[in-house]
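Here is a briefing on one structure. Topics run from the ligand to pockets, the cavity and the backbone.

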Amino acid sequence: MLIAGSANPQLATAVSTAAGAPLARTAIHRFPDGELHVALGDSVRGQDVYLLQPTSPPVETHAFELMLLADAARRAGAARITGIVPYLGYARQDRRAGGREALGARVMADLLGSGLERVVAVDLHMPALEGFFSVPIEHLTALGVLVERLALPEVNERGVVVAPDLGAARLADRYARALELPVAMVLKTRLGGTEVVARGVTGDVRGRVPVIVDDMISTGATVAAAVAALLDAGALPDVTVVATHALLVQDAIQRLERLGLRRLVVTDSVQFATPGALPVEVVSIAPLLADVINRLHRDRSLADLLVHG
Ligand code: R5P
């Protein structure tokens, strides 16, 4: 049985169609004091339940709504409850950069683990986040579907895959191998939530077409800094950006528009604002999620779909 929260109705419909499983009825509303109320409209007793909800902004609302759905399903007698969480919020708070800070990713992992028996996630900020969860995680990647969309001749001829920061180096290496391209990296320092600076580029980008890859784009500051550093280093201005999660918060769209990108290739893991004049190509992860749901339901292996290390 497939049940969706309110975070990404379009993805929910697409997963339902691809999985051949109708969406169960739900009633989600807010009381006047702001509290959420959730009720299931169909019986789930004895069912293998899949709760689809990216914990995208507003993260707390979507995460709590997911947990209310899990609680409703458990109390209504569901046999097994799996969370399909294509985007995991708070994942970037995976370490304490200073004293007296909270470890947000751990708090999120504990919250999800308190009501779900298994979590399916896509392109986690760091694969090591799996270790924060007490319940099993199935860590999928959208790299396959994104590479399929990217693999056009102009990318393959003079391209270079670029990690916009150290954290994306592994991901960039995986893209570079899949696209058979060299890899470079931008040296980035984050000054604040919306401010980053790039101190230079390692690797040969001169005269090459950059393909910047990242797990997510939030404010677009990282991409903007990377593009500036790449142009300074002699890369061609024909920039493609690929990211799994397009949060595109605050003025990200305007910021990215100013960069004159050639392509921005993202997935539908989260619902984002209308992209204006941005050359956005959205690749759906619905078939991937539907495949995983069908395999989990039949206790079949996911080995060929999972990311490790
Ligand atoms: C950081 O480590 C992430 O992988 C992204 O590079 C970053 O979170 C993107 O955020 P923004 O678009 O706000 O720079």
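Helices (H or I, at least four residues) and strands (E, at least two) are DSSP runs, numbered from the N terminus. By that numbering, Gln250 is found in the loop between β12 (240–246) and α8 (252–257). The model is predicted. Its ligand sits in the largest pocket. One cavity of 30 Å³ or more turns up in a search of the whole structure.

**Ligand shell**

- The ligand is surrounded by 14 residues.
- Arg92, Asp214, Asp215, Thr219 and Thr222 are the closest of these.
- By class, six residues of the shell are charged, five are polar and three are nonpolar.
- β11 gives the most to this shell, with four residues.

**Ligand contacts and burial**

- The side chain of Asp215 has an N or O atom 2.6 Å from an oxygen atom of the ligand.
- A polar backbone atom of Gly220 is 2.8 Å from a ligand oxygen.
- For Ser218, a polar backbone atom lies 2.9 Å from an oxygen atom of the ligand.
- Taken alone, the ligand exposes 380 Å², and the protein buries 93% of that.
- Three elements give two or more residues to the shell around the ligand: β9 (183–190), β11 (209–217) and α7 (221–232).

**Largest pocket**

- This pocket, where the ligand sits, has a volume of about 990 Å³.
- Its lining counts 39 residues.
- Closest to the pocket centre are Arg92, Arg95, His125, Lys188 and Arg190.
- Arg92 is also among the residues closest to the ligand.
- β9, β11 and α7 each supply at least two lining residues.
- β9 gives the most to this lining, with six residues, whereas β11 gives the most to the ligand shell.
- The lining divides by class into 19 nonpolar, eleven polar and nine charged residues.

**Second largest pocket**

- The volume of the second largest pocket is about 240 Å³.
- Its lining has 16 residues.
- Leu124, His125, Met126, Pro127 and Gly167 lie nearest the centre of this pocket.
- Two elements give two or more residues to the lining: α6 (169–179) and β11.
- α6 supplies the largest share, three residues.
- Seven residues of the lining are nonpolar, five are charged and four are polar.
- His125 is also among the residues closest to the centre of the largest pocket.

**Cavity**

- Rolling a probe the size of a water molecule over the atoms shows where empty space is left.
- The largest cavity holds about 60 Å³ of space.
- 13 residues line this cavity.
- Nearest the cavity centre are Tyr87, Leu88, Asp123, Leu124 and His125.
- β6 (118–122) and β11 are the elements that give two or more residues to the cavity lining.
- The cavity lining has nine nonpolar, two polar and two charged residues.
- Leu124 and His125 also lie among the residues nearest the centre of the second largest pocket.

**β11 across the sites**

- β11 gives four residues to the ligand shell.
- β11 supplies at least two residues of the lining of the largest pocket.
- β11 gives two or more residues to the lining of the second largest pocket.
- β11 gives two or more residues to the lining of the largest cavity.

**Backbone features**

- The peptide bond from Pro57 to Pro58 is cis, with omega near -5°.
- Pro58 is placed in the loop between β4 (48–52) and α2 (59–75).
- Gln250 has a positive phi of about 50°, although this residue is not a glycine.

How values were computed
Residues numbered from 1 in each chain as written. Predicted model: local features only at pLDDT ≥ 70, side-chain atom pairs only at ≥ 80, totals over all residues. Heavy atoms only, no water. Near = heavy atom within 4 Å. Polar contact = N/O pair within 3.5 Å; in protein donor to acceptor, adjacent residues only side chain to side chain. Areas by Shrake-Rupley, 256 points an atom, 1.4 Å probe, with all protein chains shown as cover. 1 Å grid on protein atoms, 1.4 Å probe; cavity = no way out; pocket = protein on both sides within 12 Å on 5 of 7 lines; lining within 4 Å. Sits in = over half its atoms within 2 Å of the grid points. Nonpolar A, V, L, I, M, F, W, Y, C, P; charged D, E, K, R; others polar. Points joined across faces, edges and corners; volume = space filled by probe spheres on them.
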